[in-house]
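Trainee: I'd like to go through the charged pairs in this one. Can you take me through how each label is earned?

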Amino acid sequence: EIYTLSLHDALPILLLGLGSTGAVVLHAATQWWGARRAGVVLVPRPGWRDPEVRAVVRRTVPALGQAGLYAVQTLTLLTLANRVPGGVVAFQIALNFYFLANNLGTTPVSLSLMPRLSRMYLDGDEASFHDTLVRGLALGFFVTIPAAVGYLVLDVPLARAISFGRMDSTAGFTMIAVALLPLSLAIIAQTAFRILTNASYARQDTRSPLRSMVLQTVLCLGLASLALLAHGPAVVLILGSALSASLAVATWHLTAGMWRRLGRRASERLIPSLTRFVVGAAVMAGPAWLTANAVADSLRRPFGPRTGVIAAAVVGAGIY
C-alpha cells in the first residue's frame, strides 16, 4: 500500500526540519563569533598532515565509536517501541524529559570541568584532580537528583500535561508515564557517566569510556530484546528499564576504573553531599505531588494538568 503526503500535511514537517537545521547553523555561528572575539578566527582549510591534528583525530576515534554505540541503542529502542501503537512517540517524549534533566544539570558541569581537570592532570596534581571531580559530581547531582525524584512522583501528571493530539487519551499518557518511570532513575546514572567520561578525556583517556559504553550497549540490547515477548505498555517499560539498568552497570564500571587510578589521595567525599540531596528531594516530593494534583483537579483540561505541573515544580524547587 502506497501512502501519499499532501503539501498541507508536509508543511509542518518541513518547518520542523528547517527550524532544527537553522538552530544548528545559528549555534555554530555563535561559537564562531565567540572564538573570533577571543582572538581565534576559524577558517576551514586542509590540515590532515599536521601532527597535532592527527593526534587529536586518533583520540577522537574512540569517542566517535562511543557516540555511535549510543545512537545504536537509541535507534534500537525506538524501533522496538514501534511494536505498540504510539510507542515510538511515548518513548521519545520520555527520552526528551531524560535529556532535559541531564542537559540542564550534567552537560554544563562536565564541559566546564574539563579544562581545569586537564591542567591538573598535566601538572600531576592527582589530589586536586580528585577533589575537583568530586565537587563536580556533587554539583551535577545537586540538579539531577531532585529532577529524577520529581519525575518519579509527578510521573502521571507530567504525562497528562504533555499529551496532545492522538496521545491525549488514557492509553497515550499511560504509555508516556510507564516509559518515563525507569528513565527517571537513569538520569542519576547518566550524570556520573557523563562527568566521568569528560574526566577521562581530561586524562587523555578515550578508551575507558568506550569500554564502558560497549558494556552498556551489550546489556541494553540484550535486555531490550525481552520487549519482543511483551505487549502494550509493558513494551516501553521494558525498554526504559533496559536503558536504565545497562547505564547503571556501565557507570559503575567507569567509576570503579577512575577511582582505582586516582587512589585515596584527597579529602573530598561525595557521600555526605548525596545524602543531603536525597533527603532534600524526599522532603520536596510530597508537597510537589499534592500541589500538582490539587491544581489539576481545580482547573479544567488542558490547562489544569499543565498548570499543576508548573506549580508543583515551583513548590518543589522552593522546598528543595
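Trainee: What makes Arg-203 and Glu-126 a salt bridge?

Mentor: This is a predicted model, where local features need pLDDT of at least 70 and side-chain atom pairs count only at pLDDT 80 or more, while totals for chains, interfaces and linings use all residues. A salt bridge needs a side-chain nitrogen of Lys or Arg within 4 Å of a carboxyl oxygen of Asp or Glu. The closest N and O atoms of Arg-203 and Glu-126 are 3.1 Å apart, so the pair fits the definition.

Trainee: Which parts does that pair tie together?

Mentor: Arg-203 sits in the loop between helix 7 (170-202) and helix 8, and Glu-126 in helix 5 (residues 126-153), so parts 77 residues apart in sequence are tied together. Residues are numbered from 1 along each chain as its sequence is written, and side-chain values use heavy atoms, with hydrogens and water left out.

Trainee: How do you know that Asp-205 and Arg-261 pair too?

Mentor: Their N to O distance is 3.8 Å, so they also make a salt bridge. Asp-205 is in the loop between helix 7 and helix 8, and Arg-261 in helix 9 (residues 234-262), 56 residues apart.

Trainee: Why is Asp-205 called buried?

Mentor: Buried means under 20% relative accessible area, exposed over 50%, partly exposed in between (1.4 Å probe, protein chains only). Asp-205 has 17%, so buried is the label.

Trainee: And what is Arg-261 called?

Mentor: Partly exposed, because its relative accessibility is 33%.

Trainee: How many salt bridges are there in the whole structure?

Mentor: The search finds 2.

How values were computed. Helices (H or I, at least four residues) and strands (E, at least two) are DSSP runs, numbered from the N terminus.
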